[in-house]
Structure formats: C-alpha cells, structure tokens
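Trainee: Please choose one part of this model and examine it closely. I should like to see how it is placed within the rest of the chain.

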Amino acid sequence: MTMPPNGKKANSKSTLSLLSLLLLPWSAALIFPSGSAAGEATKVSSPAFQDCLVLKQSTDANGIYIITVCKEAVRCQSQAYGFVIAARAPQWTVKAWRTDRKQWGELSLAEFLKSDLLFMNRLSYASDLSKPGKPSSSTSGRERTLLYTFAPIDSAAGSIFSYSDKEEKRQRQSKLQPKLTCLDAELPAQVGAIMRKLYELPATNGLPLKMTVSNPEGQTQVNLNTDLIQHRQTVSQCDFSPPADYKKTPLGKRFFVSHAQADFMNEMFDGMVHSK
C-alpha cells in the first residue's frame, strides 16, 4: 500500500502481503498495446498514431503500468488494478474502462486532475513532496532526462528501511531525500499532467520515469522505476478508446479496483473500526 496524505503508513506489512495476492492475477499478464486494447481481438483496419513511446513502469506497492504516449494521445494501463485510462487531443477528455466488468466512464481533464479517484495509486511519500527546484539535465542514448531534487521530508514511523531498534529510533528522527527523474520529451503538457496524476506527483516538466527516497546512510528505496522504453512507429487509435459494447457508468473510486480488491479493503477497514 502507498502512503496516505499524512505521511504515515495506512496498513501493516501483513496487510500489504494479503493485498498483493489480489494483485497477482492482473500482474501476470503483461501486454504492450499492439493494435488492440487489453483482452480484445486485433483491429487491423484502425488508423494509427505515429511516433509513440511505450513505457513499462513498476511501482513499490501497486504493480506494473504500461504507458503509451504520443503527441495526440496518452494511455495508462494498470496490470494490478485492471483499469485503463486514456485521453486524446484536442479535448483531452479522460476516459477509463475495465475489461472485467466491461464498463467505461469519462471526465473532463480538469475534473480528472482535481479528483481523488486514483488514491490507491499514490506513490509512497508522494503526498509529502513540495515544489521542486530547478532540475539538472542529462542525456543517455536517445533519451534526455531531468532530475528534480525535492526538499527533505520527515521519515515516517516504521522506517521503510531495515534497522536494529536503536538505529531505527535514530532514523525516525532524520530526514529522507526524495528525487524524481523525468523524460524530457517533446509532448503536450496534458500528457505529462495525466501521467503525474496517475501517481499523484507534483507538477514538473516531462514524463515521470523514476522516483527514489534516500536516507542519511545512503540507502535508497525506489518507489517508481521505468523498466523499459520502447519506440514504436505506430500504435492503433483503437487502444485509446473503450470498446463500443462496454456500458457507460459514473466514475468513482471503486471503479479503479476489482470487485475482489474492493471487498478486501472494505473488510479490512471494517475490521479495524470494529476492533476499537
């Protein structure tokens, strides 16, 4: 589980282990968009977007995401939670759909960016990040990146690192250093805004690639990592719209988790309340 806005862990390690079991069925089927949306038959006659990037990203607690971006559109697929969100120029209306329930919904970009629908996707410590300073830039191969360094944040109780009791007590009183690496790509601002919203990250330039948090001893936790960047000449436009036979439904927080995951969380929180 990721961190809530107050910077403290919402659940124990045992709760995280139980929830991870529910994520496994989705994580097992990693599919890059290649002319069809997840779980659909290939649409060979669809027009295509040109010069796209496909990113495989992994997170510390929320599984794998497949991100497809181009100048006209963005698509984010959660392998763990089973949803897809996508938006296309010029309106950039955000549409979301699920293959398990065959449902879809939509919001304007402004409504989506203001919402808290993706609360389960928040990276650890993301809510503690302040406005970053000016980034440093570097180039590796075809990719140019920006490195943002944020102001140090307080270490949460129950350190994310392993220590003896004495060391851990000292660590809780120290500061952690968060850093965010972004891809400096020539893409519309809406693409980066939607990607940052996926992980609840503050405003920066570029597309988020990697987020780390380091302690004074030099140990680093990777909360977001880009495992692969694939350049593709074309991607079917069908990948950026829900299937025509899906039923439209209002978008709420439960939409972005499976029934099994929602039931588990309800039982977990009910149990916590009743135990008091």
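Mentor: A residue is called buried if its relative accessible area is under 20%, exposed if over 50%, and partly exposed in between, with a 1.4 Å probe and protein chains only. By this criterion, 49% of the 276 residues of the chain are buried. The model is predicted: local features are reported at pLDDT of at least 70 and side-chain atom pairs at pLDDT 80 or more, whereas totals for chains, interfaces and linings use all residues. Numbering starts from 1 along each chain as its sequence is written, and side-chain values rest on heavy atoms, with hydrogens and water left out.

I begin with the chain as a whole. Helices (H or I, at least four residues) and strands (E, at least two) are DSSP runs numbered from the N terminus; the chain has 5 helices and 13 strands. A contact means heavy atoms within 4.5 Å. Of the contacts with a separation of 6 or more, 66% join residues 24 or more positions apart. The chain exposes about 13,600 Å², of which carbon and sulfur atoms supply 53%; this area comes from the Shrake-Rupley method with a 1.4 Å probe.

The part I have chosen is helix α4 (189-199), together with what follows it. Because 9 of its 11 residues are buried, α4 is largely enclosed by the rest of the structure. The buried residues run from V191 and G192 through A193, I194, M195, R196, K197 and L198 to Y199, so that list includes charged side chains as well as nonpolar ones. In an α-helix there are 3.6 residues a turn, so residues three or four places apart point the same way.

What does the helix face? A nonpolar core is a set of buried Ala, Val, Leu, Ile, Met, Phe, Trp, Tyr and Cys residues joined through side-chain atoms within 4.5 Å. The largest such core has 48 residues, and the members that touch the most others are I67, V69, V74, I85, I194, L198 and M211. To this core α4 gives the most, with 5 residues. I194 is in contact with V74, C76, I85, A87, V94, L109 and F112, once its neighbours within four places in sequence are left aside. A further core of 11 residues lies apart from the largest one, and C52, A86, W97 and W104 are among its members.

Beyond the helix comes E200, which has a positive phi, near 60 degrees. The loop from α4 to strand β11 contains T204, and a relative accessibility of 10% is the reason why T204 counts as buried. Residues up to four places away in sequence not being counted, T204 touches P132, Y148, L180, C182 and R196; R196 is itself one of the buried residues of α4. By the same count, P202 is touched by S130, which also touches F150 and A151. S130 belongs to the loop between α2 (109-114) and β7 (136-140), and it counts as partly exposed because its relative accessibility is 31%. The C-alpha atoms of S130 and A151 are 6.6 Å apart, although 21 residues separate the two along the chain.

The loop then leads into strand β11 (residues 207-214), of whose 8 residues 7 are buried. Two strands pair if DSSP finds at least two bridges between them. On one side of the pairing list stands strand β10 (residues 175-183), which runs antiparallel to β11 and is joined to it by 7 bridges; L183 has L207 as its bridge partner. Strand β12 (residues 220-236) is also antiparallel to β11, with 4 bridges, and here T212 is partnered by V222. β11 and β12 form a hairpin with 5 residues between them, and G218 in the turn has a positive phi of about 90 degrees. In a regular strand the side chains alternate between the two faces of the sheet. M211 is among the core members that touch the most others.

In short, α4 is largely enclosed and gives the most residues to the largest nonpolar core. The buried T204 in the loop touches R196, and the mostly covered strand β11 is bridged to both β10 and β12.
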